[in-house]
Amino acid sequence: MKDLLNRYGFDIDAVTWGYREKLKNGIERLLMEGFIGKERRENTRFFFSFLKRHTGRNLDDVIYAYISALTSPCSRALRN
């Protein structure tokens, strides 16, 4: 996953330490479930540009809400 973060220029250290592990787990889950990754390059680019735009502001809340939405039971609607 470190390669993926580097490829899209996202600095995980910019995330508050208390959320880093949650973010890493969320990203891994998004990869495993096919929301982001090689087959979803446009989604992946958007996801990481979204994270980079919010770095330093209310990033923790934004990340938590975004990943929660994508990994919720309603996520099939967001997948398409």
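Here is a short walk through the structure, from the overall fold to a few charged side chains.

What you have here is a predicted model, and its secondary structure is quick to describe. The protein has 5 helices and 0 strands, so going along the sequence you simply read α-α-α-α-α. Of the 80 residues, 34% are buried. As for how the chain comes together, take the contacts between residues at least 6 apart in sequence: 52% of them join residues at least 24 apart.

Now to the outside. The accessible surface comes to about 5400 Å², and carbon and sulfur atoms account for 50% of it. One spot to look at is a positive patch, made up of Arg7, Lys38, Arg41 and Arg45. Arg45 sits in helix H3, which covers residues 41-54. Why can Arg45 belong to a surface patch? Patch residues need over 30% relative accessible area and no salt bridge, and Arg45 clears the area cut-off because its relative accessible area is 47%, which makes it partly exposed.

Then there is the pairing of charges. Side chains of opposite charge can pair when their charged atoms come close. In this model the count is 1 salt bridge, and it links Arg29 with Glu33. Their closest N and O atoms are 2.9 Å apart, and the cut-off for a salt bridge is 4 Å, so the pair qualifies. Are the two partners buried or exposed? Neither, quite: Arg29 is partly exposed at 38% relative accessibility, and Glu33 is partly exposed too, with a relative accessible area of 29%.

Definitions and conventions
Residues are numbered from 1 along each chain as its sequence is written. This is a predicted model: local features need pLDDT of at least 70, side-chain atom pairs count only at pLDDT 80 or more; totals for chains, interfaces and linings use all residues. Side-chain values use heavy atoms; hydrogens and water are left out. Helices (H or I, at least four residues) and strands (E, at least two) are DSSP runs, numbered from the N terminus. Buried means under 20% relative accessible area, exposed over 50%, partly exposed in between (1.4 Å probe, protein chains only). Contact means heavy atoms within 4.5 Å. Accessible areas come from the Shrake-Rupley method with a 1.4 Å probe; for residues, only the protein chains shown count as cover. Patches are made of residues with over 30% relative accessible area and no salt bridge: like charges are joined within 9 Å, nonpolar side chains (Val, Leu, Ile, Met, Phe, Trp, Tyr) within 5 Å. A salt bridge is a side-chain nitrogen of Lys or Arg within 4 Å of a carboxyl oxygen of Asp or Glu. Lys and Arg count as positive and Asp and Glu as negative; His and the chain ends are not counted. The place of a charge is taken as NZ of Lys, CZ of Arg, CG of Asp or CD of Glu.
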